[in-house]
Amino acid sequence: MSDETQAQADQGDADAVLGQSAAVRAYFGAQYDAVARYAASLRAEGELRGLIGPREVARLWERHILNSAAVTPYLGQAGSIADIGSGAGLPGLVLAIQRPDVEVHLIEPMERRTAWLQECVEDLGLQNVQVKRGRAEEYHGAFEVDVVTSRAVAALSKLARMSLPLVRRGGAMVVLKGRNVEREIDPARKVLRSFKTAEPEILEGSTVENVEPTTILRVRRP
Ligand SMILES: C[S@@+](CC[C@H](N)C(=O)[O-])C[C@H]1O[C@@H](n2cnc3c(N)ncnc32)[C@H](O)[C@@H]1O
């Protein structure tokens, strides 16, 4: 086994231990079994079905499941959310599992990804999710939600154009971003102004101890 393969195997073991830890169980509470079932499906099929890269399997809980869950405190009193570019279901499916009281639309243009999302919804028995195949722009004018989420879909200026028409007034877009998100704000100012948004807020999303917090950008539409 090469050093790199060994390192990945060790990382995968550590990630599996994290996923079964008391801290993660306590964090997800009653929803833990469903989240763990989703994580197991993604571990078994994610790479094979082209949903996540080969390196990601070894850091599924830390980089993907918990990273997605970090959005939850910023959903506030939302009754409806749309996750655009859900891909394997990140963050949308994790949020739908955590918040069964919230209506969740997963918007994704790629058929094999929407097929996967639908399978997960059925397997997990989620009653609060609608999988919508298409680009976010195709739904502009069709419906609005309280919060639009996304991760790794586009730079802020493009993302704002895709997301804000789906955000009802009084709602927000809440985006998982990297540490350098500040650099994306100036190029997006024109489009943010056109939607009369509030100043973007850079927030920290924490989940369990010893897992790096993630950067979240919230843009409210007053
Ligand atoms: C890099 S993947 C990220 C997937 C997932 N959000 C994650 O973080 O793992 C980007 C996803 O955005 C989707 N996408 C690209 N353009 C889109 C659009 N205009 N509307 C909705 N989804 C889009 C792609 O099909 C792809 O699944």
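**Figure 1. Burial across the predicted chain.** In this predicted model, 53% of the 222 residues in the chain are buried. The accessible surface comes to about 10700 Å². Carbon and sulfur atoms account for 47% of that surface.

**Figure 2. Overall fold.** Eight helices and seven strands make up the secondary structure of the chain. The radius of gyration is 17 Å, close to the 17 Å that the globule rule gives for 222 residues, so the chain is as compact as a globular protein of that length. The C-alpha trace spans about 55 × 35 × 30 Å along its principal axes. Take the contacts between residues at least 6 apart in sequence: 68% of them join residues at least 24 apart.

**Figure 3. The largest nonpolar core.** This core holds 46 residues. Phe28, Tyr38, Leu42 and Trp61 touch the most other members. Several elements give two or more residues to the core. The helices are helix 2 (22–28), helix 3 (32–45), helix 4 (60–69), helix 5 (92–98) and helix 6 (111–124). The strands are strand 2 (103–108) and strand 5 (167–177).

**Figure 4. Close-up of Leu42.** Neighbours within four places in sequence are left aside here. Leu42 is then in contact with Glu47, Leu51 and Ile52. Its other contacts are Leu60, Ala88, Leu90 and Trp116.

**Figure 5. Another core.** Apart from the largest nonpolar core lies another, of 26 residues. Among them are Ala136, Ala154, Ala160 and Ile185.

**Figure 6. Charged side chains.** The chain carries 28 positive and 30 negative side chains. The centres of the two sets lie 8 Å apart.

Methods. Residues are numbered from 1 along each chain as its sequence is written. This is a predicted model: local features need pLDDT of at least 70, side-chain atom pairs count only at pLDDT 80 or more; totals for chains, interfaces and linings use all residues. Side-chain values use heavy atoms; hydrogens and water are left out. Helices (H or I, at least four residues) and strands (E, at least two) are DSSP runs, numbered from the N terminus. The radius of gyration is taken over C-alpha atoms; the globule rule is 2.2 Å times the number of residues to the power 0.38. Buried means under 20% relative accessible area, exposed over 50%, partly exposed in between (1.4 Å probe, protein chains only). Contact means heavy atoms within 4.5 Å. Accessible areas come from the Shrake-Rupley method with a 1.4 Å probe; for residues, only the protein chains shown count as cover. Lys and Arg count as positive and Asp and Glu as negative; His and the chain ends are not counted. The place of a charge is taken as NZ of Lys, CZ of Arg, CG of Asp or CD of Glu. A nonpolar core is a set of buried Ala, Val, Leu, Ile, Met, Phe, Trp, Tyr and Cys residues joined through side-chain atoms within 4.5 Å.
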